[in-house]
Amino acid sequence: MEAFNTLDHVLAGSNPTIAVTPNIAILVSFLLIIFFFSRSGNKSDLPFLNPDGIFGLNHSRVKKEFEADGKDMLAAWFAANPDKPIRLNCDTGTATVLPPKYATEVSTQREFDLFEFLKDAYHVHLPGFDGFAEVCQPAHLVNNVIQRDLTKALPKLTKPTSDEASAVIDETFTLKDVYHPVILSDAILRIITRTTSRAFLGDKICHNKKWLENALAHAAGVFTAGYELRLWPAPIRPIVHWFLPKCRNARAQVKIAHDIIMPVILERRAERARMEAAGQAPPEYNDAMSWFEQAANGKDYDPIGAQLALSFSSIYTTADLVSQVLINLAQHPDVLEPLREEIRTVVGQKGWQNDSLFNMKLLDSVMKETQRLKPIESALMRSLAVTDVKLSDGTVVPKGDVVAVSSHRMWDSELFPSPDKFDPYRFYHRRQEPGKEAASQLANTSVDQYGFGLGRRACPGRFFATNSAKIVLTHILMKYDWKLQDGFEPKPVYRAFGIRFDPRTVIEAKRRKEEFHV
Ligand code: HEM
C-alpha cells in the first residue's frame, strides 16, 4: 500500500521516471531485464530509420523523436527509396513500414493480425480499455454488427441522422446571419458525436448530455491513455495504469457509460421477456444496442465495450474528414456553388431518397480528394506479424514487428497529376471513365487510394462514415457561408503516423437564407 502511494506520487509528474524504494527498484530492474531480452529477435535485414544504442531500454528517446518528426523521417526515406521497406522504433514497438507496392499482400496475409496489434497497443487486459477488449473478442461482434447490421440499416438512418444533424448544427454554428467565429474542432466533434450516437444508441441516449460528453471524452482519452501507458515497459503496465491520470479517466468513463447504457439494455431485455411470455412480438429498435443483443443471441458479451468501440472508432475519424473538407472548401470557394447546385437537384427537388447520397457525386469527389491529400495516417493497415512473414520478394517481417503500408502512393504524380493540388473534380471525372466508376467513390478502396484501408483490412464503418459525413456537409453547405479567419493558414498536425486537421482552426460562419428544408 505504502509502495503504491510512493509510486502514485512519482507518477503524478509528467515523466515516467522511477524513483522508488530499493525493493521496488530491484523488482522493476528485474522485470526490465526480462522485457529487454524477450523482445523480438532481429531476423530482419532492413536498416533502422531511428536506431537506438543497446542501452536504450524501451527506446524512449528515439520513439519520442519519431513521435515528433515521423512524417519528415518517413517522407525523406521514401523520397530516396520509394520502393524499399524500412524499420523503425515507434511507441507501439518495432515497426516495418512497407512501400505501397505491398498493400495488397499486407491486406491478404492472415499472419498480419490487426487484433493482435490492438491487444498489445491498447492493453485489452486492463480496465478502461474495454472497447478495445470487445473489438478483439474472437466472436468479432463489433465488426460483424458494423459490417452487417449498421450497413444494412443505412437507408433507414438517413432521415434520423439528417434531423439530428440539423438540430445540433443549429446549436453549434448558431442561427446568426452575420459572420461569427466557430471553433471547428469543437463544433464538428459535437455534431458527429450526436449524429453517430443516434444510430448507435437511439433517440433517447443521443440527447443525453452526459452520454455525449462522456463519449467524446473517451474517444480522445482512451487513445492518449493507451499511448501514455505504452511509454512504460510492458511488464510494469499492469501496475502503472492504476495511477496514470489518463487511465483513471478511461476507467471512470467506462463506468459512466455503463450507468447510462445498461439500464436501457436491461429494460429492453425485461420488456422482451414479458412480451414473449405473453405470446406477443417484442418491439423492434433500429439501433446498435439491439443489433448487438441479437448478434450475441444470449451469449456473453460486453454491451458497454461494444458501444464505446463504435463511438471511439467513429467520432474523431469522421470529424477529421468533415473538418478537413470544410477547410479545403474555404480555400476553394469556387466549388461551393456547384456543390449547392448538386444538392438542390438531388435533395431539394425530391427530399431524401434511398439514392440521394449516392447521387451526390461532386461532394463524394471533394471528400475523396480530401482523404487522398490528407489520410488519417501516413502509414495504414497497421497490424502485428504473429509469425516471421516472408513477403513475395523475399523481404522478411520478423515476428512481433508492427507492419504498416506507407500512404505515399496517394501522392504519386504518375497516378494523380499535380498530386499536391486539391482538385475537387478529380474523382468526379475519374468516375466517368470506363472501369473506374467504383474505385473513384469515397467508400470504395483500391490499391491507389486506401485511406479506408484495403480488402479484408478495409474499415468496416466506411459506408456509415461516408453517409454521415455527407449528410452533415449537406446541411452546412445549404445553411452557411464560411471562411477562414484572416491571415490564418491551417496546417495538418503530424504525430508519429497520425495526420489530423489543424485543431487551431476557427472559421467565420454565417447563416444563409433557407432555400428548402434539408
Ligand atoms: C472517415 C472516417 C473513418 C476513417 C478515415 C476510418 C479509417 C479506418 C482505417 C484506415 C481502418 C483500417 C486500419 C488501417 O488501415 O490502419 C479502419 C478500421 C476500422 N474502422 Fe474505421 N474509419 C472511419 C470511420 C469508422 C466508423 C464510423 C466506424 C464504426 C462505425 C469504424 C470502425 C472501424 C473498425 C471497427 C476498424 C477495425 C477493422 C478491422 O477489424 O479490420 N471506422 N478504419
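A nonpolar core is taken here as a set of buried Ala, Val, Leu, Ile, Met, Phe, Trp, Tyr and Cys residues joined through side-chain atoms within 4.5 Å. In this predicted model, the largest such core comprises 126 residues, among which F173, I188, W211, F292, L326, L329 and W482 touch the most other members. Helix α14, spanning residues 303–331, supplies the largest share of this core, with 15 residues. The surroundings of I188 were examined further: when its neighbours within four places in sequence are left aside, I188 is in contact with F173, A319, V322, S323, L326 and I476. A second core, separate from the one described above, consists of 16 residues and includes L98, L380, A385 and V397.

Two loop positions were also considered. T92 is located in the loop that lies between strands β1 (86–90) and β2 (93–98), and its relative accessible area of 12% falls under the 20% limit, so that T92 is classed as buried. Apart from neighbours within four places in sequence, the contacts of T92 are with F117, A121, R230, R382 and V402.

C459, in turn, is found in the loop between helices α18 (426–431) and α19 (462–479), and an unreviewed UniProt entry places the feature "binding site" at this residue. The relative accessible area of C459 is 28%, and because this value lies between the limits of 20% and 50%, C459 is classed as partly exposed. Thus T92 is buried, whereas the annotated residue C459 is partly exposed.

Technical notes:
Residues numbered from 1 in each chain as written. Predicted model: local features only at pLDDT ≥ 70, side-chain atom pairs only at ≥ 80, totals over all residues. Heavy atoms only, no water. UniProt positions renumbered as here; feature names shortened; annotations may be inferred. Helix = DSSP H or I, 4+ residues; strand = E, 2+ residues; numbered from the N terminus. Buried < 20%, exposed > 50% of the residue type's maximum accessible area, 1.4 Å probe, protein only. Contact = heavy atoms within 4.5 Å.
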